Amino acid sequence: MEFRDDQPMKHEIGNRTYLLADVEPLDPDGVRSVEVGTAVFFLGFLALLPFYGRLEENGQQWWLWTCLVGMGLGLLGLEVCRRRRRARQERDAAEPAAG
């Protein structure tokens, strides 16, 4: 997805006018977001681990396994985001030389 410079900076909806701030995205490649999400799943797994017996008794072991799978998928997603960041950096580094 490419961002265009000619995007409107204000929108008029009904009687209201909304101004859009010209700011950069906080995490354009998603690495930090995926790192935080993966860490939250890991902490959830660690927090639930001492309660394994109680979870098993109540048929709620899936909480523990959901945290484990979330952490595993987060690690895969982290690699995808890191590759995307690397590709963007290489593309940005090559643009001035080509132009």
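**Figure 1. Cysteine 67 and its neighbours in the predicted model.** Everything in these views comes from a predicted model. Setting aside residues up to four places away in sequence, cysteine 67 touches Phe41, Gly44, Phe45 and Leu48. Two of those neighbours, Phe45 and Leu48, turn up again with Cys67 in the largest nonpolar core, which has five residues. Leu55 and Leu64 complete that core. Helix 1 (31-48) and helix 3 each put in at least two of its residues. As a general backdrop, nonpolar side chains tend to be buried together in soluble globular proteins.

**Figure 2. Threonine 66, from helix 3 across to phenylalanine 45.** Here we look at threonine 66, which is found in helix 3. Is threonine 66 buried, partly exposed or exposed? With 38% relative accessibility, threonine 66 counts as partly exposed. Its C-alpha atom is 8.4 Å from that of phenylalanine 45, and 21 residues separate the two along the chain. Phe45 belongs to the five-residue core of the previous view.

**Figure 3. The whole chain, for orientation.** Let's zoom out for a moment. The protein chain holds three helices and two strands, and from the N terminus on the order is β-β-α-α-α. Of its 99 residues, buried ones make up 15%. Taking contacts with a separation of 6 or more, 45% are between residues 24 or more positions apart. The accessible surface adds up to about 8400 Å², and carbon and sulfur atoms account for 59% of that.

**Figure 4. Tyrosine 52 meets tryptophan 65.** A search of the whole structure turns up two aromatic pairs. In the pair shown here, the ring centres of tyrosine 52 and tryptophan 65 are 6.4 Å apart and the planes sit at 75 degrees, so this one is edge-to-face. The cut-off behind that label is a plane angle over 60 degrees. This pair links distant parts of the chain: tyrosine 52 is in helix 2 (residues 52-57) and tryptophan 65 is in helix 3 (residues 62-98), 13 residues apart. Both rings belong to partly exposed residues, with relative accessible areas of 32% for tyrosine 52 and 40% for tryptophan 65.

**Figure 5. Tryptophan 62 and tryptophan 63.** How are the rings of tryptophan 62 and tryptophan 63 arranged? Their centres are 6.1 Å apart and their planes stand at 90 degrees, so the pair is edge-to-face. Tryptophan 62 counts as exposed, at 52% relative accessibility, while tryptophan 63 comes in at 37% and counts as partly exposed.

**Figure 6. A salt bridge from helix 3 to helix 1.** How many salt bridges does a search of the whole structure find? The search finds four. The one in this view joins arginine 82 to glutamate 35, with the closest N and O atoms 3.5 Å apart. Arginine 82 lies in helix 3 and glutamate 35 in helix 1, so this pair ties together parts that are 47 residues apart in sequence. Arginine 82 is partly exposed, with a relative accessible area of 36%, and glutamate 35 is partly exposed too, also with 36%.

**Figure 7. Two more salt bridges, between arginine 83 and glutamate 79 and between arginine 91 and aspartate 92.** The side chains of arginine 83 and glutamate 79 meet at 3.1 Å, N to O. Both residues lie in helix 3, four residues apart, or about one turn of the helix. Arginine 83 counts as exposed at 53% relative accessibility, whereas glutamate 79 is partly exposed at 34%. Arginine 91 and aspartate 92 also form a salt bridge, with N and O 3.3 Å apart. Partly exposed is the word for arginine 91, at 41%, and for aspartate 92, at 40%.

**Figure 8. Nonpolar residues at the surface.** Which residues make the nonpolar surface patch of about 360 Å²? They are Phe42, Leu43, Leu46 and Leu49. Leucine 43 sits in helix 1 and is exposed, with a relative accessible area of 54%. Over in helix 3 there is valine 80, an exposed residue with a relative accessible area of 55%. The C-alpha atoms of valine 80 and valine 34 are separated by 10.0 Å, and the two residues are 46 apart along the chain.

Notes. Residues are numbered from 1 along each chain as its sequence is written. This is a predicted model: local features need pLDDT of at least 70, side-chain atom pairs count only at pLDDT 80 or more; totals for chains, interfaces and linings use all residues. Side-chain values use heavy atoms; hydrogens and water are left out. Rings of Phe, Tyr and Trp (its six-membered ring) pair if their centres lie within 6.5 Å; planes under 30 degrees apart count as stacked, over 60 as edge-to-face and the rest as tilted. Buried means under 20% relative accessible area, exposed over 50%, partly exposed in between (1.4 Å probe, protein chains only). Contact means heavy atoms within 4.5 Å. Accessible areas come from the Shrake-Rupley method with a 1.4 Å probe; for residues, only the protein chains shown count as cover. A nonpolar core is a set of buried Ala, Val, Leu, Ile, Met, Phe, Trp, Tyr and Cys residues joined through side-chain atoms within 4.5 Å. Patches are made of residues with over 30% relative accessible area and no salt bridge: like charges are joined within 9 Å, nonpolar side chains (Val, Leu, Ile, Met, Phe, Trp, Tyr) within 5 Å.
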